[in-house]
Structure formats: C-alpha cells, structure tokens
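Student: I'd like a close look at a single part of this model, please. Could you walk me through how its helices pack and set that in the context of the whole chain?

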Amino acid sequence: MPPTHPVGRPAVIELRQYTLRPGRRDELVELFDQEFVEPQEEAGMLVLGQFRDLDDPDRFVWLRGFRDMAARHRALTAFYDGPVWAKHGPQANATMIDSDDVLLLRPLSDEHGFTFSPTERRPAGAPAPDRFVCATVWSFPPGRHDGIALIRDGLLPLLRQTGPEPLAALTTETAHNTFPRLPVRAGENVAAVFTSYPDESTYRRHLADVQTHPVARDEILPRIERERTAAPRTLRLAPTGRSVMR
C-alpha cells in the first residue's frame, strides 16, 4: 500500500523551473494537473504549487515537498519507477527543453515552512484562482550566513508588519542529492521568500511600503545588498487551477 501524503510541514522542498518548447505550456499544465498530482502524493511527496511564469510564456514553475531526504529518495523512486510516469512521462518530457533548474531547499526555521492543506485543492479542470504569487530568491556566497540571517530576522518581520504573512521562507538544503536521476543546482546558498496577494497591484503596494520603511531603507536592504552575490530574482507567478499554494 503506498504511503499517503505526510502530515505537517515538509522539511525538504524542491523549487523546479522548467523551460518548455514554444506554445506547449498549457499542454503540460493540463497533463500535470490531471495525471501527476495524486500519484506523486500517493508515492509520499507533497505537490505544493504549480504556476505559469508571468514573465515567460514557455516556463512552468512548481514546488513539491518531502518529510526528509530519505523520504525524498523513497518517494521519487516510487513515482519515477512507477506506472503513471511510465505512461505519461514521455508526453511530459516532450514539452520540455530543460528541467534541470532546480533548487533544493528547506525552511529557514520550523515557523517558516509551507503549511500543506490538501483539502484546499480543487478538482482537475477547475479554473485558475485569481491570485498573484511572488517568489524572491537572493543568492549569497557559499558558506556565508549573514545575508540569510538578515532576511530571517530583519526583512521577514517587516513583511509581516506591512502586509500579509509570507507563505514560506526557505534556504538551501545542503544535503547531498540522493536521487541523481533528477539533478539539482549545486553550490547554491540562497534564501527564497514566497508571498501571495489578491492581485499584482497589491503586491506592488506592499513592495513599496517595505522599500520605503525607514528600517528597511536605511539598514536591512543595504546590508542585504552588501552580502548578496547578484540582484535578487523575482518570479511573478499565476497559480494553476489545482495549486494549493495561492
């Protein structure tokens, strides 16, 4: 009997960004939402969210979570060696140019992880919710934790003070990738913050409030900028109909 989805917050999360063949994103979204959600969860993982990238019509972004690294290995083995992937995997792969842009992440702390609510998932074919999700990813030098601490202890409290509670705040999971059939980006040291809004204009107002807050403007953001290795990357995301993260 395959395990059902774990209860609680996943301790290991994959942020997966796929570059697709032109014009084939909706095909993959429909296939994914109809065929891949429940079978992955029956194998022991959590499908946390599926998204269309608003800045790239040929990019599909999604997240899945696991209880720990050992559970990740078991779940991925069960799914990718199982009948659902054998039947539908070739069609999914045919839509893709690249599927190796993957960050392996973990919550910044116990309070900063995703809360999984499977009862919120709508049936296949449901219309996409009218929500705007933002993921901001900062990169820092390997082995350096000052920038990540600034986000955890400085920026996150300001986000809560000025707007909605972030969905999650994550950082790099440094454990060895025990499922090499699916590569992950090595040598990363990132922090990723996920937020959700009724629409993009609400997000932009919140962003402006944070950027003009005296503590953020004069202290936290300049210190993060000094620590980072590149400008933060912002993913502007539209949830699919079956995404529980919205």
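Tutor: Happy to! One definition helps at the start: two strands count as paired if DSSP finds at least two bridges between them. Keep in mind, too, that this is a predicted model.

Let's set the scene with the whole chain. The protein chain has six helices and eight strands, and from the N terminus on its elements run β-α-β-β-α-α-β-β-α-β-β-α-α-β. The eight strands form a closed barrel in the order β1-β3-β2-β8-β5-β7-β6-β4, with antiparallel pairing. From one strand to the next, the twist averages 35°. As an example of the pairing, strand β6 (residues 168–172) and strand β7 (residues 190–197) run antiparallel and are joined by four bridges. Leucine 170 stands opposite alanine 192 of β7. Helix α1 (residues 25–42) lies across β1 (12–20), β2 (46–53), β3 (59–66) and β4 (96–107), and runs at about 175° to β2.

Now to the helix packing, with α6 as our focus. Two packed helices are described by the angle between their axes and the distance between the axes. Helix α4 (residues 146–162) packs with helix α6 (residues 214–227) at an angle of about 155°, and their axes are 9 Å apart. Angles over 145 degrees count as roughly antiparallel, so α4 is roughly antiparallel to α6. The crossing of these two helices, α4 and α6, is left-handed. On the α4 side, the contact is made by Asp146, Gly147, Leu150, Ile151, Gly154, Leu155 and Leu158, which meet Val215, Ala216, Ile220, Leu221, Arg223, Ile224 and Glu227 of α6. Sorted by class, this contact of α4 with α6 has nine nonpolar, two polar and three charged residues.

Helix α6 has a second partner to look at, helix α5 (residues 200–212): the axes of α5 and α6 come within 4 Å and cross at roughly 65°. That makes α5 roughly perpendicular to α6. Here Val210, Gln211 and Thr212 of α5 meet Pro214, Ala216, Arg217 and Leu221 of α6. The residues in the contact of α5 with α6 divide into four nonpolar, two polar and one charged. Notice that Ala216 and Leu221 of α6 are listed in the contact with α4 and also in the contact with α5.

Finally, the overall dimensions. The C-alpha atoms of the protein chain fill a box of roughly 55 × 35 × 35 Å along the principal axes. A compact globule with 246 residues would have a radius of gyration near 18 Å, and the protein chain has 18 Å, so the two agree.

Definitions and conventions: Residues are numbered from 1 along each chain as its sequence is written. This is a predicted model: local features need pLDDT of at least 70, side-chain atom pairs count only at pLDDT 80 or more; totals for chains, interfaces and linings use all residues. Side-chain values use heavy atoms; hydrogens and water are left out. Axes are lines fitted to C-alpha atoms, for helices over the stretch in contact, and angles run from 0 to 180 degrees between N-to-C directions. Angles under 35 degrees count as roughly parallel, over 145 as roughly antiparallel, 65 to 115 as roughly perpendicular and the rest as oblique. A crossing is left-handed if the near helix is turned anticlockwise from the far one by less than a right angle, and right-handed if clockwise. Contact means heavy atoms within 4.5 Å. Ala, Val, Leu, Ile, Met, Phe, Trp, Tyr, Cys and Pro count as nonpolar, Asp, Glu, Lys and Arg as charged, and the others, Gly among them, as polar. The radius of gyration is taken over C-alpha atoms; the globule rule is 2.2 Å times the number of residues to the power 0.38.
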